[in-house]
Amino acid sequence: MYLTLADDSWQRAHYALVIAAGALSLGRDVVLFAGGRSVHALAKDWSALNDITSDIELSERGIVGFDDLRRALQELGCRFFACEAGMKMARLAPDNLIDGVEIRGIVSFLELVGQEKIVAI
C-alpha cells in the first residue's frame, strides 16, 4: 500500500498511521510518503502539526497515540519517506526525523509505486 500525506493536519497524519497499521497487520507492505509540511508527522517532535490531540488524551479514550503508532509501524516494517522539498519547506534536518525515515523526492516515490494505486490522505 502506498500512502501520501500533503499537509500539516494531525488528524490526517494520525488516520494515515491507523490505515498503515491495519494494512501491515494484514501482511501488506506499506510505504508512507510525507510531502510538504506533513513531514512534521515523521519528526521526533511532531508538535508543529495542526490541531493536535495529545497522546495522553487519546490514551484516556482508549485510542492508540501518535508515538505508539509510529513505533508500531517501524516494528512492523513500514517504510517512511520524507519529501526532500517538504523538508526544506518545514525547515527540518534529517536528524530531526525518527529513525529509518528515507529522504526522497516525489519522482523516486512514483518510480517505486509504478502502476499501483496511491492513497492520498
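## Two loop residues with positive phi

Let's start with R91, which lies in the loop between α4 (84-90) and β4 (102-104). This is a predicted model, and in it R91 has a positive phi of about 60 degrees although it is not a glycine. How accessible is R91? Its relative accessibility is 77%, so R91 counts as exposed.

D51 is another case of a positive phi in a residue other than glycine, with a value near 55 degrees. You'll find D51 in the loop between β2 (31-34) and α2 (55-60). Its relative accessible area is 72%, so D51 is exposed.

## Overall build

Zooming out, the protein has five helices and five strands. If you walk along the sequence, the elements come in the pattern β-α-β-α-α-β-α-β-α-β.

Is the fold compact or extended by its radius of gyration? For 121 residues, a compact globule would come in near 14 Å, and the protein has 13 Å, which agrees. Along the principal axes, the C-alpha atoms fill a box of roughly 40 × 35 × 20 Å.

Now for surface and contacts. Of the 121 residues, 44% count as buried. The accessible surface comes to about 6,700 Å², and carbon and sulfur atoms own 50% of that. If you take the contacts between residues at least 6 apart in sequence, 71% of them join residues at least 24 apart.

## The aromatic cluster

Next, the rings. How many aromatic pairs are there? The count comes to five. One of these is F33 with F109: the ring centres are 4.8 Å apart and the planes sit at 25 degrees, so the pair is stacked, the cut-off being under 30 degrees. This pair links distant parts of the chain, with F33 in strand β2 and F109 in helix α5 (residues 106-113), 76 residues apart. Both F33 and F109 are buried.

F109 also pairs with F81, and here the geometry is edge-to-face, at 6.3 Å centre to centre with 90 degrees between the planes. Again the pair links distant parts of the chain: F81 is in strand β3 (residues 79-83), F109 is in helix α5, and they are 28 residues apart. How much of these two residues is accessible? F81 has 0% relative accessibility, so it counts as buried, and F109 counts as buried with a value of 0%.

Put together, ring pairs link Y2, F33, F81 and F109 into a cluster. There's a charge in the picture too: the charged end of R104 sits over the ring of F81, 4.5 Å from the ring centre.

## Cysteines without a bond

How many disulfides does the structure hold? Zero. Why does C78 have no such bond? The closest cysteine sulfur to that of C78 belongs to C83 and is 17 Å away, too far for a bond, because a disulfide needs the two sulfur atoms within 2.5 Å. Looked at from C83, the closest cysteine sulfur is the one in C78, at 17 Å.

As for their surroundings, C78 has a relative accessibility of 9%, so it counts as buried. C83 is buried as well, with a relative accessible area of 11%.

## A buried aspartate in a loop

D8 is found in the loop between β1 (2-5) and α1 (10-25). Buried or exposed? With a relative accessibility of 15%, D8 counts as buried, because the limit for that label is under 20%.

Which residues does D8 touch, once those up to four places away in sequence are set aside? The list is R37, S38, A48, L49 and N50.

## Back to the α4–β4 loop

One last stop is A93, in the loop between α4 and β4, where R91 also lies. A93 has a relative accessible area of 29%, so it is partly exposed. In sequence, A93 and A43 are 50 residues apart, while in space their C-alpha atoms are 9.4 Å apart.

Note on methods:
Residues are numbered from 1 along each chain as its sequence is written. This is a predicted model: local features need pLDDT of at least 70, side-chain atom pairs count only at pLDDT 80 or more; totals for chains, interfaces and linings use all residues. Side-chain values use heavy atoms; hydrogens and water are left out. Helices (H or I, at least four residues) and strands (E, at least two) are DSSP runs, numbered from the N terminus. Buried means under 20% relative accessible area, exposed over 50%, partly exposed in between (1.4 Å probe, protein chains only). Contact means heavy atoms within 4.5 Å. Rings of Phe, Tyr and Trp (its six-membered ring) pair if their centres lie within 6.5 Å; planes under 30 degrees apart count as stacked, over 60 as edge-to-face and the rest as tilted. A charge sits over a ring if NZ of Lys or CZ of Arg is within 6 Å of the ring centre and within 35 degrees of the ring normal. The radius of gyration is taken over C-alpha atoms; the globule rule is 2.2 Å times the number of residues to the power 0.38. Accessible areas come from the Shrake-Rupley method with a 1.4 Å probe; for residues, only the protein chains shown count as cover.
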